[in-house]
Amino acid sequence: MELQDKLLSSYVAFENHVDVNSDVHEIRSEALQNFEKVGFPSRKLEAWKYTSLNSVLKQDYSLFPSKVEAIELADVKKYFIHEIDAYKIVFINGKYSSFLSQTTHEHYDVCLMSSALTNPKYKAVIDKYFNKIAKQDNLTSLNTAFATEGAYINIPKNTEVKKPIQILNFTTGSQEATMLQPRNLIVVGENAQVQIIERHQSLTANPVLSNVVTEVFADKAANVDYYKIQNDETTASLVDNTYIEQQSNSVVSVHTFSFGGNITRNNLNFYQKGEHIDSILKGITIIEGKQHVDHHTLVHHIEPNCESHQDYKGIFNERSTGVFNGKVIVEKEAQKTNAYQQNNNVLISDKATINAKPQLEIFADDVKCSHGCTIGQLDEDALFYMQQRGIPKKEGKALLMYAFANTVLESVKIPEVKQRITKLIAKKLGVNLGFDL
Amino acid sequence: MLKIENLKAEIDGKAILKGLNIEVKAGEVHAIMGPNGAGKSTLANVIAGKEEYEVTEGSIELNDEDISELAPEERAHNGVFLSFQYPVEIPGVSVTNFIKTAINETRKAKGLEDMPAKDMLKMIREKSELLEIDRKFLGRSLNEGFSGGEKKRNEIFQMAMLEPKLAILDETDSGLDIDALRIVANGVNKLKSKDNAVIVITHYQRLLDYIVPDFVHVLHDGKIVKTGDASLALELEAKGYDWIKELA
């Protein structure tokens with residue numbers, strides 16, 4: 001059976017099993033109808049021109065893992081930023097693992113979507129925010145129809161979350177192929193602050209397809225610092241759909257580190273609903289083999305006096321392929337917008353490909369919008385310069401690539417994350433950098 | 001120290017050096033002058049081992065060892081230093097981290113352990129004082145946004161840190177104001193010893209007021225056409241290069 005048919009036919013049983021009386025029921029049903037209508041994205045769609053899911057959709061995925069599986073902390077510790085004290089929301093095959101998690105309700109809610117969707121205590125928040133900015137498109141609709149679990153984070157006004165929150169999704173490969181639909185909701189109140197680290201990790205070579213939807217609401221003057229670490233098995237594919245709504249004076253930054261996986265698609269959408277907002281989108285992609293990473297970003301400038309900063313760096317080796325599609329819309333009312341977009345790519349091999357497309361739609365006349373896109377090889381003159389100073393070619397190349405990616409690391413605010421990413425970069429490039437970072 | 005015999009080199013099939021001879025002994029300072037396009041920078045790059053240039057004939061010996069087949073980094077490990085005419089900008093790597101990497105890679109090539117951090121810091125402090133370099137400057141990305149003078153001073157700072165046997169200064173005076181020129185020349189003079197040698201490549205005589213050469217060579221059309229003492233530089237300054245072209 002085709003995956004789409006399998007999903008559609010399993011829906012009734014699924015919906016009966018969850019809770020048909022909940023308010024979410026209607027949202028789900030609508031989403032399913034939409035998915036039934038549009039189906040999985042094909043390359044005929046402009047937004048999917050360079051990313052084909054065909055090979056991924058052929059797998060016979062298990063859709064509903066039955067029970068919680070135990071994994072030892074020692075086996076997965078390395079996937080956490082374990083050097084720091086943090087809240088942890090951990091899922092194994094889509095099911096919550098209380099053993100590996102550390103949640104709280106004390107000053108704020110760092111807990112589970114499953115309880116938020118069913119416990120009346122959270123009804124007001126769910127009514128106000130759930131599925132309010134998620135797009136009614138193919139894969140997001142699919143996620144909405146089947147969403148039961150994920151992270152639920154609600155930070156009340158004037159509250160600073162003192163330690164980062166890590167969201168981890170593990171798959172154990174107990175099923176031959178696993179499809180997951182994690183759903184996260186993050187509500188950050190006025191003048192509140194939070195840092196989040198998200199990671200999806202397969203623990204075996206069995207195929208995985210994660211179709212994640214995350215909605216983030218940043219109220220006035222809120223500050224959200226979000227890190228996505230994507231360094232998965234080459235049999236694991238990820239579609240990350242993230243939707244962020246910002247109110248006046250809020251600052252939201254998302255760093256996406258894409259170092260591996262089969263097919264990785266990031267749909268990162270920012271909607272600016274107030275003035276003096278800052279949206280920061282940064283990414284480093286370093287891949288090889290036949291890996292594929294696609295960044296589709298959208299920044300929608302709706303009100304005046306806002307800023308957005310995009311900086312994406314890509315290093316592509318062997319037969320890997322990359323896509324960067326950065327769309328910036330500046331509405332007529334959004335005067336004095338300052339939108340900056342930079343996308344630089346290095347192709348190390350003749351067989352690697354990058355498709356880069358900046359898309360600017362500007363309807364206001366008093367704005368500063370800049371975009372730059374480069375695709376190149378490593379600078380031979382710089383390599384010679386380094387060799388002349390005694391740095392061998394291989395180390396020189398690594399140093400150049402590190403330097404190339406470094407502008408993105410400068411804005412990482414959690415030192416341990418910065419250190420971890422630096423180490424991952426050094427490992428990817430196959431060298432030891434000769435200095436402490 | 002350095003012995004070059006009948007050196008012929010080309011780039012993209014175009015002959016630039018056409019049978020060049022020069023010998024530089026330890027403790028000496030040689031100046032190489034000549035009009036634009038004579039092959040001055042090519043000579044510097046060929047000695048340093050830039051791959052775009054093909055050596056078609058002749059030899060380059062450093063301390064009796066032929067280095068013409070060595071990779072650029074191996075020549076550097078053997079003590080060759082080239083101060084670039086146009087130092088490359090490397091955003092994202094600080095001056096300090098770059099020089100640390102360069103020193104430790106050189107030590108690694110010689111089978112030595114990394115230089116202890118304490119010694120490294122001490123050396124950086126001493127050498128940056130010698131070249132009147134602000135400490136803040138060392139934390140900046142290598143050459144990024146540096147003025148012409150800062151770039152050249154940074155080159156000589158790296159030279160001071162790496163302590164080469166043979167230093168080639170390629171148009172180090174270009175883009176320098178008189179104060180920066182004095183600081184750079186002063187740095188070079190302090191680093192000079194009986195065990196190392198310096199080749200100064202310059203278009204103008206100005207730098208040679210500060211770094212006084214033992215020999216001045218005139219390069220024209222890929223060959224050295226005249227050699228003299230420091231007074232030759234003054235003569236060139238007064239008369240220009242046209243009479244040299246007639247010599248060839």
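Two residues count as in contact here if their C-beta atoms, placed from the backbone, lie within 7 Å. Keep that in mind as you look around this predicted model.

**Stop 1: all of chain A.** Select chain A and, among contacts between residues at least 6 apart in sequence, 82% turn out to join residues at least 24 apart. Colour by secondary structure and you'll be looking at 10 helices and 20 strands. The C-alpha atoms fill a box of roughly 70 × 50 × 45 Å along the principal axes. How does the radius of gyration of chain A fit a compact globule? With 437 residues, such a globule would have a value near 22 Å, and chain A has 21 Å, which agrees. Buried residues make up 49% of the chain.

**Stop 2: two helices in chain A.** Now pick residues 24–38 (helix α2) and 138–146 (helix α7) of chain A; they pack at an angle of about 140°, with axes 8 Å apart. The crossing of α2(A) and α7(A) is left-handed. Turn on side chains for the contact: α2(A) brings residues including Ile27(A), Leu32(A) and Phe35(A), while α7(A) brings Leu142(A) and Ala145(A), among others. By class, this contact has 7 nonpolar, 4 polar and 1 charged residues.

**Stop 3: where A meets B.** Show both chains: 19 residues of chain A are in contact with 24 residues of chain B. On the chain A side, select α8 (380–388) and α9 (393–409), each of which supplies at least two residues. Which element gives the largest share of that side? That would be α9(A), with 7 residues. The chain A side divides into 10 nonpolar, 6 polar and 3 charged residues.

**Stop 4: a sheet in chain B.** Hop over to chain B and find the open sheet of 6 strands, in the order β6-β9-β10-β3-β11-β12, with mixed pairing. Its edges are β6 (80–83) and β12 (223–228); each has a single partner strand, so one side of each is left without a neighbour in the sheet. Neighbouring strands are turned by 20° against each other on average, direction ignored.

Zoom in on β3 (29–33) and β10 (197–201) of chain B, which run parallel and are joined by 4 bridges. Click Ile32(B), and its bridge partner in β10(B) is Ile201(B).

**Stop 5: helices on the sheet.** Add α6 (148–162) of chain B, which packs on the sheet and touches β6 and β9 (166–170); its direction makes about 170° with that of β6(B). Finish with α8 (230–239) of chain B, lying across β3, β11 (215–220) and β12 and running at about 45° to β11(B).

Note on methods. Residues numbered from 1 in each chain as written. Chains lettered and ligands numbered in written order. Predicted model: local features only at pLDDT ≥ 70, side-chain atom pairs only at ≥ 80, totals over all residues. Axes fitted to C-alpha atoms, helices over the stretch in contact; angles between N-to-C directions. Left-handed = near helix turned anticlockwise from the far one by under 90°. Nonpolar A, V, L, I, M, F, W, Y, C, P; charged D, E, K, R; others polar. Rg over C-alpha atoms; globule rule 2.2 N^0.38 Å. Buried ≥ 20, exposed ≤ 12 C-beta atoms within 10 Å, placed from the backbone. Pairing = 2+ DSSP bridges.
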